[in-house]
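Hi,

Here is the structure I promised to pass along. Have a look at it first, and my notes on the aromatic rings follow underneath.

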Amino acid sequence: MKNCIRLGILCLALGLSLNSNAQTKRTKYYEFGGGLGTMNMSNEIANSSNVNAILAEMAPSISIFAKYHVNDWFGIGFDVNYANLKAADQNHNNFNRGLSVRTSLLNSNAFTEIHFIRFGKYHLEDKWTVFIKGGVGVTGWNPELSFNKLIPEDIDVETNAYSGFSYFYGLGAKYRLAYQSILTFELRFSNSGGDTMDGFLETKEGVISTNDTYWGMLFSYSYAIF
């Protein structure tokens with residue numbers, strides 16, 4: 001976790017340092033937008049990756065963001081993401097246990113974005129690019145755990161509001177619809193920074209607690225200001 005946060009801070013610092021370059025002053029631009037996507041979570045309930053489970057628990061998500069591109073290759077930004085997630089034992093490996101959970105999730109990040117093809121104010125011949133991105137932030141959630149049977153003896157119920165220092169990484173592609181209009185598709189994987197998105201902690205001997213994760217895809221539209 002600490003290494004990922006250090007890597008995110010290093011990438012952000014790299015992007016900021018590029019702003020001192022003379023060419024950057026000519027090629028810098030801003031980008032503002034929002035998008036809709038899907039999100040799933042992985043934890044002690046959602047503990048498998050079969051297609052039927054993913055489709056059954058896929059939740060809509062919404063995102064807004066602002067970016068500052070220091071040149072055609074690098075950018076930094078800030079985003080806010082929201083979703084209502086769900087998972088149930090019946091869709092996964094412990095289908096006889098009878099647990100299910102719903103939680104809202106709010107996440108904000110500072111991030112950096114790196115293009116592999118020049119994309120920005122100039123080079124209009126480049127209608128598209130692919131990119132990678134990563135960042136660090138804060139995630140909050142409030143799980144509501146439900147039981148179809150008796151509460152298992154080897155869990156502690158943790159239904160409350162929680163937050164964690166999170167990080168994410170992702171990749172995607174952009175396409176220029178018009179000079180200042182951009183359509184983006186991205187895939188992203190996030191570590192929540194906590195282990196209570198499923199609403200409980202396992203207490204049986206030998207269990208090692210790991211942070212819950214969430215992941216999904218996003219389609220977004222943005223407007224560039226040169």
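Which residue lies over the face of Phe 131? That would be Lys 174, at 5.8 Å from the ring centre. Just keep in mind that this is a predicted model, so please read what follows in that light.

There is another charge over a ring: Arg 188 lies over the face of Phe 168, 4.0 Å from the ring centre.

On to rings with rings. The structure holds six aromatic pairs. One of them is Phe 111 with Phe 168, an edge-to-face pair with 6.3 Å centre to centre and 70° between the planes. This pair links distant parts of the chain, as Phe 111 is in strand 4 (residues 99-115) and Phe 168 is in strand 8 (residues 162-176), 57 residues apart. Phe 111 is buried, because its relative accessible area is 0%, and Phe 168 counts as buried too, at 3%.

Tyr 179 and Phe 226 make another pair. Their ring centres are 4.9 Å apart and the planes sit at 45°, so this pair counts as tilted. Tyr 179 belongs to the loop between strand 8 and strand 9 (181-191), while Phe 226 is in the segment after strand 11 (213-225), so the pair ties together parts 47 residues apart in sequence. As for exposure, Tyr 179 is partly exposed at 40% relative accessibility, and Phe 226 is also partly exposed, at 29%. Both rings belong to one aromatic cluster with Tyr 29.

Cheers

Terms used: Residues numbered from 1 in each chain as written. Predicted model: local features only at pLDDT ≥ 70, side-chain atom pairs only at ≥ 80, totals over all residues. Heavy atoms only, no water. Phe/Tyr/Trp six-rings, centres within 6.5 Å; stacked < 30°, edge-to-face > 60°. Helix = DSSP H or I, 4+ residues; strand = E, 2+ residues; numbered from the N terminus. Buried < 20%, exposed > 50% of the residue type's maximum accessible area, 1.4 Å probe, protein only. Lys NZ or Arg CZ within 6 Å of the ring centre and 35° of its normal.
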